[in-house]
Structure formats: C-alpha cells, structure tokens
Amino acid sequence: MDLYEARRQVLLRLIKDRFDNIQARFARATGISATYLTRMLKDGADPARKRIGDEMALALEEKLDLMRGTLLNPVLRSRSEPTGQDRGASAEISPSVPGNTDDHPAVFPVQLKLVAGSPEYDLEFLPAAGSAPLVFHESWYRLRHLDPARMFALTVKGRTMEPSLSDGDVVVVNTADTAPADGHVFALNYEGELLLRRLVRDEGAWWLTSDNSDQRRNQRKRLHEGSFVLGRVVLKQTERI
C-alpha cells in the first residue's frame, strides 16, 4: 500500500466513524467541495482520482484536530493509536512500532518510488525487522525546528558521495526544507533517479556535485526543471569510524 492509498483509507475511516459515513457532513466540516472530496476518495485505478498531497493532509489534520501524522504519515501509525480526540478512529494500517511516542518521535526508513518529470513520489516504509526506525528525544527536533512527520531515512547506496557518505550509511532527510542551499547535501529526483548530492551555485545555476574525488566518473549535473529537490539531509548514521 502506497502513501496516498493509506491516506485515502484513513479518510474513509474518519468519514465513517466521525461523520456517520456521510460525505456531505465531512465536506461541510472541512470546507472541501463535495466534488473534490469524491475525487480524493476514488481508488488508485480510477483516472479521476485526486491524490491527497502533503499540504492537504496537514490542512485536514488541523481542521479536524487530529493527532500529528494521522494523515501526513498514516502508514506509520499504530493500530492502537487513535487518530482523533474522540479516540473513535484508528488507521489500522501498520503494526505498532515500539519507541514512537510524543516524547521520542521516530524517523522511519523508506524506499522511494519516483517518476521522471514529476515532483510527486510514493513512500514504501521498510519493516522494522530490516531497517530499524531512528528515535530521538522531542527536544532534538524542537531545537532544530524540525518536524518528525516531515522526515524519513534513506540508506546510502554507492560511493558517489565518499568520503562524506559511504555505502550503507543511513541519512535523515527533511522534506520541509527543499530550497537549494549552497554546499548542503540534498535528496533529489533527477529524471526519475534518486540521488544524494551536494548542491553548488555556479555560473548562475544550481549544480548537483559529488564529493568523490573521481570527477570523471561522477560528473556534476545541472539542476533543471525536470529534476526536483525532495529534502535536505540533516543527519547521517554510520558505522565507519
């Protein structure tokens, strides 16, 4: 189940449990048009389907007074964790994840499904048995102005960013920070390929550069209209000492 289908399932459950399965009541409570809501509730096989994006998910969480992440990252929530103040609805999508609490929010490892030329992407959350979530105290996020609901973890593959990032390292990506910044490392959708690169401003343009000294095999690429910044790398976890 991809992220957007998970959001749709949570939305259906909310409409059933909090609005007596009456879509018109949900539409009135949220200010969403009935037509737009109908499109959001269509399944993935319907070409008229409207995906529930991050901005819409966050807006609905605020309007419905939902717990953070209920719609933004629904697949991360426990079956036993309520989605609303009435505690009458739960996501029922993924098993409980130990350690993911309000005091110690977790960042979850994912694989990304990208499409060339599109800023949208799907997240496939990896099972804890294979890639354990990274858990930090809430003060770590707060002091850095980070929102754990807008972050995910990726495993580095290849040697392109050595010595800064090695094959097998784990990096945390902040998807709330997508503005290019000179000298910082970002996760990018480059023509449908996931890349971790350092952005450099040069000749009036942004370039994706490698930290590897072999520049012949790791030539820089220009950040063009068909490539998209997914988020800035804010932390790495490594076993290389």
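Here a trainee and a mentor talk through the helices and some loop residues of a predicted model.

Trainee: Happy to start with the overview: how many helices and strands does the protein have?
Mentor: Good place to begin, and do keep in mind that this is a predicted model. Of the 241 residues, 44% count as buried. As for secondary structure, the protein has five helices and 11 strands.

Trainee: Among contacts between residues at least 6 apart in sequence, what percentage joins residues at least 24 apart?
Mentor: The pool here is contacts in the protein between residues at least 6 apart in sequence. Those joining residues at least 24 apart make up 55%.

Trainee: Are α2 and α3 roughly parallel or roughly perpendicular?
Mentor: Helix α2 covers residues 23-30 and helix α3 covers residues 34-41, and their axes are 10 Å apart. They pack at an angle of about 115°. Angles of 65 to 115 degrees fall in one class, so α2 is roughly perpendicular to α3.

Trainee: And is the crossing of α2 and α3 left-handed or right-handed?
Mentor: Let's look at the residues as well. From α2, Q23, F26 and A27 meet A34, L37, T38 and L41 in α3. The residues of this contact divide into five nonpolar, two polar and no charged. The crossing of α2 and α3 is right-handed.

Trainee: How is α1 oriented relative to α3, roughly perpendicular or oblique?
Mentor: Their axes are 9 Å apart, with a packing angle of about 125°. The roughly perpendicular class runs from 65 to 115 degrees and the roughly antiparallel one starts over 145. The angle therefore makes α1 oblique to α3.

Trainee: In the contact of α1 with α3, how many residues are charged?
Mentor: On the α1 side the contact is made by R8, L11, L12 and I15, and on the α3 side by L37, M40 and L41. Six of the contact residues are nonpolar and no residue is polar. The number of charged residues is one.

Trainee: Where do the buried residues of α2 lie around the helix?
Mentor: The buried residues in α2 are F26, A27 and T30. An α-helix has 3.6 residues a turn, so residues three or four places apart point the same way. Seen down the axis of α2, the buried residues fall within an arc of 100°, so they line one face of the helix.

Trainee: Which helices do the buried residues of α2 pack against?
Mentor: We have just named F26, A27 and T30 as buried. After the helix comes G31, whose phi is positive, near 80°. The partners of the buried residues are α1, α3 and α4.

Trainee: Moving to α4, which exposed residues are on the face turned away from its buried side?
Mentor: Start with the buried residues of α4 (54-63), which are A57, L60 and E61. They fall within an arc of 105° seen down the axis, so they line one face of the helix. These buried residues pack against α1 and α2. The face turned away carries E55 and E62.

Trainee: What phi does D65 take, just after α4?
Mentor: Two other residues with positive phi are worth a look here: D20, at about 55°, and N21, near 65°. Both D20 and N21 are in the loop between α1 and α2. For D65 the phi is also positive, at about 55°.

Trainee: Is D20 buried or exposed?
Mentor: Buried would need a relative accessible area under 20%, and exposed one over 50%. D20 has 53%, and N21 has 53% too. By that cut-off, D20 is exposed.

Trainee: In the loop between β5 and β6, which residue follows E162 through a cis peptide bond?
Mentor: That loop also holds R159, which counts as exposed at 58% relative accessibility. The C-alpha atoms of R159 and D211 are separated by 9.1 Å, although the two are 52 residues apart along the chain. The cis bond from E162, with omega near 10°, leads to P163.

Trainee: Last one: how far apart in space are V115 and G192, C-alpha to C-alpha?
Mentor: V115 is in the loop between β2 and β3. Leaving out residues up to four places away in sequence, V115 touches E120, N189 and G192. V115 and G192 are 77 residues apart in sequence, and their C-alpha separation is 4.7 Å.

Notes
Residues numbered from 1 in each chain as written. Predicted model: local features only at pLDDT ≥ 70, side-chain atom pairs only at ≥ 80, totals over all residues. Heavy atoms only, no water. Axes fitted to C-alpha atoms, helices over the stretch in contact; angles between N-to-C directions. Helix = DSSP H or I, 4+ residues; strand = E, 2+ residues; numbered from the N terminus. Parallel < 35°, antiparallel > 145°, perpendicular 65-115°, else oblique. Left-handed = near helix turned anticlockwise from the far one by under 90°. Contact = heavy atoms within 4.5 Å. Nonpolar A, V, L, I, M, F, W, Y, C, P; charged D, E, K, R; others polar. Buried < 20%, exposed > 50% of the residue type's maximum accessible area, 1.4 Å probe, protein only. Arc of directions from axis to C-beta.
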